[in-house]
Amino acid sequence: MKSLSKIDYLFPKEVIVSVTSRCNLRCRMCDIWKSKKKELTTEIWKRFIDDISAVGVKTIVFSGGEPLLRQDIFELIAYSREKKLNVCLTSNGTLIDNDIADKLLSSGIGVVNISLEGPSEVHNYLRGGGSFEKAVAALEKLRQRGIETTVATVVSRYNYRYLKEVIKFADIYGATTVKFQPFSNLFLEDKTKRDKFFLLPQQCEYLAEIIESVIYISQKRGISTNPPSYLRKMPLYFRKGIRFSKGCKALFYSCPVDSEGNVFPCWMLARKDMLIGNIAQDRFEKLWGSNLHKEIKRKIFSYGCPGCMMSCYDEIFDNRHHNSAKIRKLLGISFYQRKLHNLARMLKSFIYFSILRIRFYTRAKLTFRNKLKRVFTHLKNRKVRINIKIEKKEAERLVKEIEKAKRVLKQYLEES
Ligand SMILES: C[S@@+](CC[C@H](N)C(=O)[O-])C[C@H]1O[C@@H](n2cnc3c(N)ncnc32)[C@H](O)[C@@H]1O
Ligand code: SF4
Ligand code: SF4
């Protein structure tokens, strides 16, 4: 294997820490609170903050669970500020009264991200009665104190019709950004619940239209959102699931740490066999530069990852595949290793296909001449089928483009 390249020694720009798995809410789409994970002491988190600031990390995001349930959260925020880090806090907003808002202000927080799922009935159905009123009150209290706020929305079957309303709420309550995150079963213990949240195929078409309006309205109102190309992939995500990816830049630029101090390559791959180490046992610099971490990254870039649409990584979404190729090259996964891997996959499927065919021809009662004829016809048909498939796809794409242009034009005419 080639010697390691410079990219392996880059430290992340952003660290996302889940400081607790405790939560005061019981949202329908999230079971984090059930995990009852242990928590690290203030001292260990402070040592970690020292470490990340020393290696040039720019931003720390405090998340959870509900991070405001930790008594020392303001101390941790203030300490991060002392170490010149940008600080963001992600919260459900329900605990932010005047006192907490004052404490957030004096801790020097940069941005508070509040989760909002849509209008009151929808939000309260998903997050529990009264949580909407508390969340918007939190946005208002933070605005009064001049603290920048952003909004996060988990897009699912329950709220996809109300995405425009979220933009409007954000505008009314002075939030600068809305980040839409398609539902993922990552935070659910019972993965079968996924089907309740995923959109049905006909709903995906409607979602595509809603997304165009969201892009238009957010631009008009001056609210930032995820990149349009990311938003436009959402219907496809719900229809087919974005299944396969060969890793992305998130593995280099972002680092998740759970409430027990475990460091993983990304949130989607936060599982035992991907564990890089623990910040309570080792210093961050050692973990990030470890051979184990390099090996895990190589594995992901060689064999692929589940792929995801995590909104924290949306800015790199566009370049994901392009960059993957570059990174693979930099990581020293040689051209021949990849070719070999692909060849092995092709060979496997060819053998499987051939076995099925042979089984069919040996069982069918045909003369040798007829069998030969069927093999040729089959191969010919297969080629034709592939060509038709490609042309059909291209035609579908063009129809979609025309529909999109029509919608934009219609909207433009209506507005003007
Ligand atoms: C786990 S929460 C922790 C912070 C805080 N308790 C909150 O709700 O904002 C972090 C983010 O994950 C989002 N989230 C929760 N369940 C999700 C799911 N099933 N799929 C995608 N995102 C989810 C939340 O909406 C929130 O924006
Ligand atoms: S989404 Fe946030 S508020 Fe809701 S249960 Fe999960 S951690 Fe708690
Ligand atoms: S695409 Fe998603 S799952 Fe794959 S490496 Fe990137 S963040 Fe992780």
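Leaving aside neighbours within four places in sequence, L251 makes contacts with P265, C266, K297 and I300, two residues being in contact if their C-beta atoms, placed from the backbone, lie within 7 Å. The model in which these contacts occur is predicted, so that local features need pLDDT of at least 70 and side-chain atom pairs count only at pLDDT 80 or more, while totals for chains, interfaces and linings use all residues. Residues are numbered from 1 along each chain as its sequence is written, and chains are lettered from A and ligands numbered from 1 in the order in which they are written.

L251 belongs to helix α11 (residues 250-253), where helices (H or I, at least four residues) and strands (E, at least two) are DSSP runs numbered from the N terminus. L251 counts as buried because 24 C-beta neighbours lie inside 10 Å; a residue is termed buried if 20 or more other C-beta atoms, placed from the backbone, lie within 10 Å of its own, exposed if 12 or fewer, and partly exposed in between. The C-alpha atom of L251 is separated by 9.9 Å from that of F301, although the two positions lie 50 residues apart in the chain numbering.

In the protein chain as a whole, 16 helices and nine strands are assigned, and buried residues make up 34% of the 416 residues. Of the contacts with a separation of 6 or more, 76% are accounted for by residues 24 or more positions apart.

Three ligands were examined through their surrounding residues, a residue being near a molecule if its C-beta atom, placed from the backbone, lies within 6 Å of it. Ligand 1 is surrounded by 17 residues, of which M29, C30, S115, A152 and S184 are the closest, and both β3 (86-91) and β5 (148-155) supply at least two residues each to this shell. By class, the shell around ligand 1 comprises eight nonpolar, eight polar and one charged residue; here Ala, Val, Leu, Ile, Met, Phe, Trp, Tyr, Cys and Pro count as nonpolar, Asp, Glu, Lys and Arg as charged, and the others, Gly among them, as polar. Around ligand 2 are found C23, L25, R26, C27, C30, I32, W33, G64, G65, E66, N92 and R127, a shell that divides into six nonpolar, three polar and three charged residues. C30 is thus listed both among the closest residues to ligand 1 and in the surroundings of ligand 2. For ligand 3, the residues that come nearest among the 15 around it are C248, C266, M268, C305 and C308, and the shell contains twelve nonpolar and three polar residues but no charged ones. C266, one of these nearest residues, is also among the contacts of L251.

Two helix pairs were analysed with axes taken as lines fitted to C-alpha atoms over the stretch in contact, and with angles running from 0 to 180 degrees between N-to-C directions. Helices α1 and α2 pack at an angle of about 20°, with their axes 10 Å apart. This makes α1 roughly parallel to α2, since angles under 35 degrees count as roughly parallel, over 145 as roughly antiparallel, 65 to 115 as roughly perpendicular and the rest as oblique. In this pair T42, W45, K46 and I49 of α1 meet E75, L76, Y79 and S80 of α2, and the contact has four nonpolar, two polar and two charged residues. Helix α6 (residues 163-172) packs against helix α8 (residues 201-221) at an angle of about 15°, with axes 9 Å apart, and the two are therefore roughly parallel to each other. The contact is formed by L163, K164, I167 and D171 in α6 together with I210, S213, V214, I217, S218 and R221 in α8, and its residues divide into five nonpolar, two polar and three charged.

Most residues other than glycine have a negative phi. K36, in the loop between β1 (14-18) and α1 (42-54), nevertheless has a positive phi of about 45°, and is exposed, with 9 other C-beta atoms within 10 Å. Phi of K84 is likewise positive, near 65°; K84 lies in the loop between α2 (73-82) and β3 and is exposed, with 8 other C-beta atoms within 10 Å.

Y412, placed in helix α16 (residues 368-415), is exposed, with 10 other C-beta atoms within 10 Å. Y412 and Y216 are 196 residues apart in sequence, yet their C-alpha atoms are 9.3 Å apart in space.
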